[in-house]
Amino acid sequence: MKDEDLSARYWNLKECTIPVGKVTIIADFCKGGEDCDECIRFCPEKILKLGEVSNERGFFPPVLIDEGKCTVCGKCQLYCSENAIFVEKVGERVVAPDEIAIGEENIQ
Ligand code: SF4
Ligand code: SF4
């Protein structure tokens with residue numbers, strides 16, 4: 001295998017990008033609160049929290065803490081039994097060094 005082909009197999013961490021998502025919550029469908037917090041528990045970025053405003057059925061839909069951190073992993077959508085939350089990719093952003101587990105000192 002040629003050198004240039006080999007290099008293509010590894011990430012260039014300086015240019016590593018990650019998807020950015022838009023999260024939509026349909027408050028009226030949600031049964032958040034004591035009955036459900038699945039989207040909150042399964043979000044790996046921990047950017048959802050229980051809202052303080054109830055919907056018409058007395059449930060508390062989640063709210064987004066930091067939309068810019070949604071990676072469009074889709075777990076909230078997958079685990080919601082009420083089809084009350086969904087995500088779509090709206091762009092990409094460069095991953096900050098402190099978001100990379102191996103540390104900045106290993107970026108070449
Ligand atoms: S998983 Fe669905 S129903 Fe449950 S709190 Fe989240 S949005 Fe609401
Ligand atoms: S798509 Fe993933 S990162 Fe985005 S809000 Fe849902 S669970 Fe969190």
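How do the residues of the shell around ligand 2 divide into nonpolar, polar and charged? In this predicted model, the shell around ligand 2 consists of 10 nonpolar, three polar and two charged residues. Of the 15 residues that surround ligand 2, those that come nearest are Cys43, Cys70, Cys73, Lys75 and Cys76. Strand β1, which covers residues 17–25, and helix α3, which covers residues 75–79, each contribute at least two residues to the shell around ligand 2.

Ligand 1 is likewise surrounded by 15 residues, and the closest of these are Cys30, Gly32, Cys36, Cys39 and Cys80. When the shell around ligand 1 is sorted by class, 10 residues are nonpolar, one is polar and four are charged.

The protein as a whole contains three helices and four strands, and these elements follow one another from the N terminus in the order α-β-α-β-β-α-β. Among the contacts in the protein with a separation of 6 or more, 66% join residues that lie 24 or more positions apart. Of the 108 residues in the protein, 19% are buried.

The confidence of the prediction varies along the chain, with a mean pLDDT of 86 for the protein and a score of at least 70 for 79% of the residues. Confidence is lowest in helix α1, residues 3–7, where the mean is 53, and highest in helix α2, residues 38–42, where the mean is 98. Where pLDDT is low, the predicted coordinates should not be read in detail.

The largest nonpolar core comprises 15 residues, and within this core Cys39, Cys76 and Ile85 have the most contacts. Strands β1 and β4, the latter covering residues 85–94, each supply at least two residues of this core. Cys39 belongs to helix α2 and is counted as buried because 24 C-beta neighbours lie inside 10 Å, where the cut-off for a buried residue is 20 or more. When neighbours within four places in sequence are left aside, Cys39 is in contact with Leu48, Pro62, Cys76, Tyr79, Cys80 and Ile85. Cys76, with residues up to four places away in sequence not counted, touches Cys39, Phe42, Cys43, Leu48, Ile85 and Val87. Although Cys39 and Cys76 are 37 residues apart along the chain, their C-alpha atoms are separated by 4.2 Å. Cys39 is also listed among the closest residues to ligand 1, while Cys76 is listed among those that come nearest to ligand 2.

Several residues in loops were also examined. Lys46, which is not a glycine, nevertheless has a positive phi of about 55°, and its place is in the loop between α2 and β2. Lys46 counts as exposed because 11 C-beta neighbours lie inside 10 Å, and a residue is exposed if this number is 12 or fewer. A positive phi of about 55° is also found at Asn83, again although this residue is not a glycine. Asn83 is in the loop between α3 and β4, and it is exposed because 10 other C-beta atoms lie within 10 Å. Gly58 is located in the loop between β2, residues 48–50, and β3, residues 62–64. With 8 other C-beta atoms within 10 Å, Gly58 is exposed. The C-alpha atoms of Gly58 and Lys31 are separated by 8.1 Å, although these two residues are 27 residues apart along the chain.

Technical notes. Residues are numbered from 1 along each chain as its sequence is written. Chains are lettered from A and ligands numbered from 1 in the order in which they are written. This is a predicted model: local features need pLDDT of at least 70, side-chain atom pairs count only at pLDDT 80 or more; totals for chains, interfaces and linings use all residues. A residue is near a molecule or strand if its C-beta atom, placed from the backbone, lies within 6 Å of it. Ala, Val, Leu, Ile, Met, Phe, Trp, Tyr, Cys and Pro count as nonpolar, Asp, Glu, Lys and Arg as charged, and the others, Gly among them, as polar. A nonpolar core is a set of buried Ala, Val, Leu, Ile, Met, Phe, Trp, Tyr and Cys residues joined through C-beta atoms within 7 Å. Two residues are in contact if their C-beta atoms, placed from the backbone, lie within 7 Å. pLDDT is the predictor's confidence in each residue, from 0 to 100.
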